[in-house]
Every structure is written in structure tokens, then in C-alpha cells.
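I opened this notebook to record two lookups: backbone angles that stand out, and the pairing of one strand with its neighbours.

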Amino acid sequence: MAIRIRLLTRGLGVFFTLLLLMVAPAAVAAQTGTVSGTVQDEGGSAVSGAQVILQGTGLQALTGSAGTFQITGVPAGSYQLRVVQLGFREAREEGVQVRAGETTRVDVTLESLPIALTGVVVSAGRRAQRQTEAPATITRIDTSDLGNLPGGNFSSALKQVKGLDFIQVGVSGAAVNARGFNSSFNNRMLMIEDNRIAVLPESGLPLGQFTPIPLIDLAGVEVLVGPGAALYGPDASSGVISLESKDPRDFTGASAMITGGSRSYLNIQARQADMLGDDWGYKVTGEFHRVDDFENRLNYGTPEAPIWEMGTGGRPGLDDESGVSWENRAMRGQAALVRYFDESRLEFGAGASMNDGVGQTNVGRNQFDGWTYNYQQIRFTSPNWFANVYRAQSQAGDSYALNRYSTNRVANPDLTDDQVRLISDWPSDGRMLAAEIQNNFSVPALFGSQVTWGVQARRDAVSSDRQWLTDRLTGEDVTINQVGIYGQVETPLPSNLRLVLAARVDEHDNYETQFSPKAGLIWSPQPDQALRFTFNRAFKSPTILQTNFWIPNFVPFVGVFHNTEGFIVRNLDGTEVGRLDPLVPESNNTWELGYRGVLGSRFLVDVAGYVSDYTDFLSPLTTFANPFGASLFSADPTVAFWASTGDAVVDEDGGPQIPLTYWNLGEASVRGMDFGATFIASPRVDIRGTFSHIKLTSDEAEAGPALEATALNSPGTKWTLGVDGRDFGGFGGGATVRYVNGYQFTSGINRGNIPTHAGLDLSLRYRLADSGLELTATAQNLFACGSDTPGGDTSCGFNQDHIQMVNMPAIGSIFLLGLRWGL
């Protein structure tokens, strides 16, 4: 691996050396002039902080407090001058003539636009850029929108994100996915928090509810839908969700919020931030959350011999106490100390969370009991450089698998509950040590191209306490090293065109080199309008869980085994009936055509159509052989053998096993479109809507032998429509309707039809003048349509229970009242 990294580094060095050689002659030879002027609004007031860009030169400036700007060292010639500022329509001045030794004056007047139409995003190109210029489907949820959310959880903000599947699995629990192929253990979307890779090292799952960032400390959320591997690596196969916490200097003072409601809901959050002199700032934030969640009970046996789900203290009868704790409880918080320089900042941060509750897997459910996550981070940010070093750790505490506990409780009646829990637990200690350095610069000799490049390194070390990973065999923690090098070049072309080229090379201990390219062409015929055509290739690497699982007798006679060697499946007379190859990374090629533009001064439209082709599709955890009955390859009993050694797959005493594993299933193709629109009805009322459609277009034969291979696991159609109002004598509020078409879901034991469902959410806010206090009232799923059983009849009404995920509880209405101060 070290040799490959040196070759990658040398290649990158040659690339940037060539760029510098191209730049140097031009810089020496050019005769230059100056461009200066002012930027003002329609009323003649100065606009400060506006970005003034001379297209094709890489030269730019920011306007000062008086709205003035000056750009020096401009080669003689004719240019387009662009002015961009949040809350205004982009302005373009054509034919700006620059003569050597002279100053050309340009005065610009900007037209005001609602901020909701002129957002700035970072995730699409790893640099700040106007949302209309982003070469991807991306949504930003700002502080103002986050402040209107019900309760204390950011996940409900994702309900109206275009292209995103939002699946509510509890009062505050949710699962998300983009563009198909969801599962009960989905890790195709990368989660990032303040530039940290926010995943559980032992499973590769996004942090989700384990986040250490309270809602009160969130500055914004960006959701990139579609492949993001060219800049973010192999975990971003379907998209990226990026959380940004508040800066102490930008958000100073004390703030707090308390929310209570149905099902004994209680959420308390507080934040304190301030400056220590002119150069230092700090923040401290914390949250306590609890709620009695919706409940249901699963059968892990058969209809004839049921084994009803149990936790510690539970009993097997359907009408007996289950012992499962449905109290969802969380504590989280973080702190930061920041040193500010003229244009740079150095931050020292740390945070932690602890969670209790119930979570779904492909083979059942887990009881979270004291699951903790913590991080420590140092990051440096300047206009051209970014550096980041952090450590993260996830520990399972006393958590255990409810499906294992239930079957072990029945099979071992003489053991105590604590003894059964200990043979059903998930001891884990996952550590991640990571670092990143990133740089951006412009290249005048390449028409002012903007170049962004960076290097990421990551080391995961996981211990299962020698119980359920291959550390059980080796006696050593499982470790994996990864290094990725990425770069992107955005080049302005004539006729308001921009060419975007990006690529990333990843080295992984377990796989061959992965190359993720991206190419895009963006045409901006008018200010704040852009038509884009892009290609992305993304890879999804198997996680430690998928490559190092090792737990014979997960339940009696059923074992889970890693697949790094491959398997041969034979019937009882020794005839080969099937074969599974070792796991390799899944790949995804996506072509996308999209448009985003501001029409008039009130209407924003964002629409994209895409075609995605998957190869080496990664399966959920699935049974592939069965010495006692029918299985994947045969209706007769079969036995699995390790392909590398020819040995039978057995438990440690040589006993038979029904093996489960992960493997590559074949090919799959989808086609779809995502649409979003915002209409500013008045300065006080916004109307927003989304619509998405997706279809699996590949044949079943292309997808491999397992049912999971052909399961899109996503609704073919979904839409949302919402309205939000504010400043009505201190009152504000909103209403949102969400519709999800019914679909078949197949993931491990979670199989069935998720019925069509729709729900109405209402919110009301009242701000007390000059007090900093705001009262909130919300009703989620106030009126809903759906069914409380898979495939059941649809009913509509107030407080209508309906399921949004197979084998998870039906969701009813949720009523919350809150008090906020200082937000």
C-alpha cells in the first residue's frame, strides 16, 4: 500500500507542477490594469461583502463597508464582470475593457431577491458557491428553517428534501435514503459533521440518532443527492448529508429550549457562546431527550411455534410483558474553543452522546442500552487551506440483540436473564483516527480555473471483545487503513459555460485501487439560472461488518460469516450447486441532466433526471445454504464450504450451521427524476413542494439469484407540499403534506408491503416582543392516511396509525409544545 501511495503522491505532484509551469510565463508577460467601482442596491445603499469576479482570470474581490471594490493586476483585455451576494440576483457586466496601466471603473446595481432563492452551498464542490452554480442536486436547510422544527431533532427537516426517502420509525427516529436500494442496515449515504466522517466504525452506519450535535447548535444541513464519491470517497455512493454546527463568533450569547408533549416527550437543550477578547471564542452546548416510543412485538419463531420478542425480564407469551424498553433516551453535547486570525480560524472541539432505545437490523432488532459516541477534533480553516485531524469512538455499552435474546431465552430456560443477555450482546469498541488536508487556488492561465485538491487518511480499529468479528479468531483487533486523494477543476468557458472535472483515487487495505471520476458541463444563459449535465462514478466499499463478521450460532444452528474468501455450496451427496465469489466494492455509474433557476423574482425551480447503473451490487445479510432444508441454490439441503480451503462452514465444535453472509449480486439499473420548487408568495409567506419518481429498469436475471437483488426498496412516487408564514403580529407557522406511494420492501427478515401513506403536519409559533421568547406548538401526522399492518387496507383520519417500515411500530399523531429563548 505504501508504494501505491507514493505513486499517487508523485502523480499529484506532477499534475500541479505542470499547472505552475503554465501559470508562470503568463504572470510575467502580462501587462496589467485595474478594475474598481461600487456595488449598491436598488435604493442606492452600499452592498458590503459582495463577491466581484472577473470571469476567466481567477481574480476577484469583496466589497467593503462602503460597497467599493478594487481588483489589481488584471491583464489587458475584455472581460465579463460578475457580482454575487446573498439576497440579490447575480449581476453581469459584459465587455469590461481593461487597458495596461489604467483603471477601469464599473458601478453595479443589484436587484434584491429573497434569501430562500439565492442560497450558498459547500458540499457540491467542497467550496462555497451559489446554489444555482452547484454541479449536483443539493438542498440546504438554514438556521431559520432549523429553528422552526418540532421538538429537538433535526431529522424532521429532511421530510421536504427533494429526492430523499424519509421513513419515520418512531417519535424522533427516522431513516433516510436516496435513489433506491434501501435496506434495514443502509450505509450508502455518507454523513459528515463539521468535516468529520460521522459513521459508526464497527458497522459503517451513519451516526443518525447518535450525533453529538444538539439541534440548538446546528447552523445548517446540506443534503447532496446522488453519487458523491469523486470528492468524498467510497461511502458516498448515494449521497452526502452534511451537518454544520454554529460558530461561537457568529452566534454569541445564551440560548435554550424546552419541549414537552405526547408519549411523555421531554427535550431540554441549552447553548452558551461568547468571545474571549478579540481573538478567542468558545461555545458549550448540551441536550437531554426522552420519549416513550411507539411499540410493536415481533415473532422470531413460526406461526405454529411462535417466539415472541423479549428483552431482559420479558416472558414468551404474546400477552406477557415483553421486557423490551421502548423508552428512547439520549444525552448529547459538545464544546469548542476557537482562535481567530485575520482570515483564518483554528478550532479545538470535542463532543459525546449516549443513547437508549430500539434499532432495526436485517435479522431483527437491537436494544440500545448506554451506547456512546465521542470525538475530539482540531481543524484549521483559511481562504485557501483546510486541515483537519480527529479521533472518534463508538462503544455499545450494555446493548444486545433482541432477536438473539428471544431465541436464547427459549433455548436456555435454566439461565438467568442477565446470563441470556450476555450471550446475546453486541460488545463493540470502534475507533477511527482520521486526517485531511485540502487546498484551493485559481489558475489564470487556464481561464481562471478554480482548483480544489485534498488528501484524506483514515484508520479504523474495532474490537468485538473477541465475540462476533474475526478478532474472535485472531485475538487481535480488526484494523483497516484507507487513503484517498481527490481533486476538482472548474474551468469557465465561452458562452457562459463551465466545465467541471473531478476525480478521486482510494487505497484500501482489502481491495484494489478505486477510481471515482466526475465530469460536468454547466451552462448559465442568464444570471441565477443553470443547466447541468454530469457523469459520476461511485464505489461503495464493504464495511468491517461485511468483511469481518464471525459469529457461529448467532441463534442456535444459525451463524453469520464474513465473505473475503468466497463459498462453494454443495448438496449432501457432494455435488456443487452454487458458488459465491469474495466481496468486491459495489460500483454505480450515474448520468444526470438538471436545471436550477430563479424565474422572475419569486420562483425557484430545481429539477433533475438521472440514469444509474449498478454493478457488483452488495447484498443484505442473507442465508445462502441450509443443511436442514431448502436454501438459495437448491430445494434440497445444502452445505457451505470455504472456497479457499475447502473446509465446511461449521461452528467451533464442528456442528452444522445455516450460514448468512454478504455477497455481490450482479447488476441493477434505475431511472428517475427529482423536482423541487419554492414560491415566494409574499415577503411573509413561502410555498415549497417536491416530487420524485424512480423505476427499476433492469431485468431480474441481471440482478443475481437473491430476491434482495431486485428489491428497489423505495417508493416509486413521493411528493410534499408545504407553506410557511411569519411576522403576522408575532405569529408564524406552517403546514406540510407528505405523500408516499406504497412499495414492496425486502431486506433480510423484513419483508412485506409498505402501504401508501400520507400525513399532515401543522406548526404554530408566537414570539413575545422584545423578550427573546418564542412559544411553539406542533402536530405531526395530525391527519394521516395509511395502514397499521403491511399490505392492510388504507384508512384516513385524525391520529391514524400507519406503518412506514416493515417490522417497526405503526406511527400515530405526535403533539408537542415548546418554549425557546435566545434563538
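For the pairing entries, I take two strands as paired if DSSP finds at least two bridges between them. The model I examined is predicted.

Entry 1, strand pairing. I looked up the partners of strand E50, residues 814-821. Strand E18 (residues 253-261) pairs with E50 in the antiparallel sense, over 6 bridges. Within this pairing, I noted that Met 257 has Arg 820 of E50 as its bridge partner. Strand E48 (residues 773-786) also runs antiparallel to E50, and 8 bridges join the two. There I recorded Ile 814 of E50 as the bridge partner of Gln 780.

Entry 2, faces of E50. In a regular strand the side chains alternate between the two faces of the sheet. I listed Ile 814, Leu 816, Gly 818 and Arg 820 on the covered face of E50. The uncovered face holds Phe 815, Leu 817, Leu 819 and Trp 821. Both bridge partners noted above, Ile 814 and Arg 820, thus appear in the covered list.

Entry 3, positive phi. Most residues other than glycine have a negative phi. I found a positive phi, near 55°, at Asp 616. Asp 616 lies in the loop between strand E37 (603-615) and strand E38 (622-623). I classed Asp 616 as partly exposed because its relative accessibility is 34%, between the cut-offs of 20% and 50%.

Asp 727 has a positive phi as well, near 65°. The place of Asp 727 is in strand E43 (residues 717-728). Its relative accessibility is 56%, so I classed Asp 727 as exposed, the cut-off being over 50%.

Methods. Residues numbered from 1 in each chain as written. Predicted model: local features only at pLDDT ≥ 70, side-chain atom pairs only at ≥ 80, totals over all residues. Heavy atoms only, no water. Helix = DSSP H or I, 4+ residues; strand = E, 2+ residues; numbered from the N terminus. Buried < 20%, exposed > 50% of the residue type's maximum accessible area, 1.4 Å probe, protein only.
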